[in-house]
Amino acid sequence: MMNAATPRMRTFARWLIAREAAAGYPPEEKAQAAFRACEKLRQHLSTFAGVAGFRSLLSRALILAKAEVPWLSAVEVKADGSLAELGSLDTQHDMDEAEKGGVILLAQLLGLLVTFIGEALTLRLVQDVWPDAPSDVMDSGKEKKQ
């Protein structure tokens, strides 16, 4: 089975989640930061790939993430590409486990984007949403940025 959640994608996902967690939300909502990041990507990428295209990509990422984090079965992708069943996750799982699931889901989504459109375009799209996203996290080492 393809695993798009490589260590580099997990590192990048953790950076994006930390960015979202620092955006002024209460600490008890920190586990939801990954899902807010997915929502921001949905809003931006739906204009690029269309709603159906983004929904398909996120659905595949969720299937891949469920293989590693089974409790994500409680999450589903709605017709508009948004995630459903998020409100109760923090109470069903401890924050560390919920955060881990979010990292895996977001890393799978980022990894699939890289697979389909490449690192450069994925990074550009992510930086459209988070302008300060570090390009060196996405850099595979094939090309060194100056």
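Buried, on this tour, means under 20% relative accessible area. Keep that cut-off in mind, and remember throughout that this is a predicted model.

**Stop 1: the whole chain**

Start with everything shown as cartoon. You should find 6 helices and 2 strands, and walking from the N terminus the order is α-α-β-β-α-α-α-α. Switch to a surface and you are looking at about 7,400 Å² of exposed area, with carbon and sulfur atoms supplying 53% of it. Of the 146 residues, 45% are buried. If you draw the contacts with a separation of 6 or more, 67% of them link residues 24 or more positions apart.

Now colour by confidence. The average pLDDT is 83, and 81% of the residues score at least 70. Select 142-146 next: pLDDT stays under 50 there, and the model gives this stretch 2 contacts beyond four places in sequence. Read that bit with care, then move on.

**Stop 2: helix H4**

Select residues 95-117, which is helix H4. Put a distance between the C-alpha atoms at its two ends and you get 32 Å; the 23 residues, at 1.5 Å each, should span 33 Å, so the two agree. Right after H4 comes glycine 118, with a positive phi near 90°.

Stay on H4 and pick glutamine 108. Is this polar side chain's residue buried or exposed? Glutamine 108 has a relative accessible area of 1%, so it falls on the buried side of the cut-off. Show what surrounds it: beyond four places in sequence, glutamine 108 touches Asn3, Ala4 and Ala5, along with Ala61, Leu64 and Ala65.

Go along H4 to leucine 112. Its relative accessibility is 1%, so leucine 112 counts as buried too. Try a C-alpha to C-alpha distance from leucine 112 to leucine 58: 8.9 Å, for two residues 54 apart along the chain.

**Stop 3: the core**

Which residues touch the most other members of the largest nonpolar core? Select Leu105, Leu106, Leu109 and Leu110; they hold that place in a core of 44 residues. The elements giving two or more residues to this core are helix H1 (7-21), H2, H4 and helix H5 (119-129). H2 gives the most, with 14 residues. As background, nonpolar side chains tend to be buried together in soluble globular proteins.

For a look from inside, centre on leucine 105. Leaving out residues up to four places away, leucine 105 touches Phe35, Cys38, Leu58, Ala61, Leu62, Ala65 and Leu83.

**Stop 4: leucine 62 and the loop after H2**

One of those partners of leucine 105 is leucine 62, so select that next. Leucine 62 sits in helix H2, and at 3% relative accessibility it counts as buried. Besides Leu105, leucine 62 is in contact with Leu72, Val75, Glu76 and Val77, neighbours within four places aside. The C-alpha atoms of leucine 62 and glutamate 76 are 7.9 Å apart, with their positions 14 residues apart in sequence.

From leucine 62, measure across to serine 73: the C-alpha atoms are 8.5 Å apart, and the residues are 11 apart in sequence. Serine 73 lies in the loop between H2 and strand E1 (76-77). Is serine 73 buried or exposed? At 51% relative accessibility, serine 73 counts as exposed. Turn on polar contacts and you will see the serine 73 side chain reaching the backbone oxygen of proline 70 at 3.0 Å.

**Stop 5: arginine 42**

Finish back in helix H2 (residues 33-68), at arginine 42. Its relative accessibility is 15%, so arginine 42 counts as buried. What does its side chain reach at 3.1 Å? Show the backbone of aspartate 80: the backbone oxygen there is the partner. A second polar contact, of 2.5 Å, joins the side chains of arginine 42 and glutamate 39. Widen the selection to contacts in general, skipping neighbours within four places, and arginine 42 picks up Phe54, Asp80, Gly81 and Ser82.

Terms used
Residues numbered from 1 in each chain as written. Predicted model: local features only at pLDDT ≥ 70, side-chain atom pairs only at ≥ 80, totals over all residues. Heavy atoms only, no water. Helix = DSSP H or I, 4+ residues; strand = E, 2+ residues; numbered from the N terminus. Buried < 20%, exposed > 50% of the residue type's maximum accessible area, 1.4 Å probe, protein only. Contact = heavy atoms within 4.5 Å. Areas by Shrake-Rupley, 256 points an atom, 1.4 Å probe, with all protein chains shown as cover. Polar contact = N/O pair within 3.5 Å; in protein donor to acceptor, adjacent residues only side chain to side chain. Core = buried A, V, L, I, M, F, W, Y, C linked by side-chain atoms within 4.5 Å. pLDDT = per-residue confidence, 0-100. Expected span 1.5 Å × (residues − 1).
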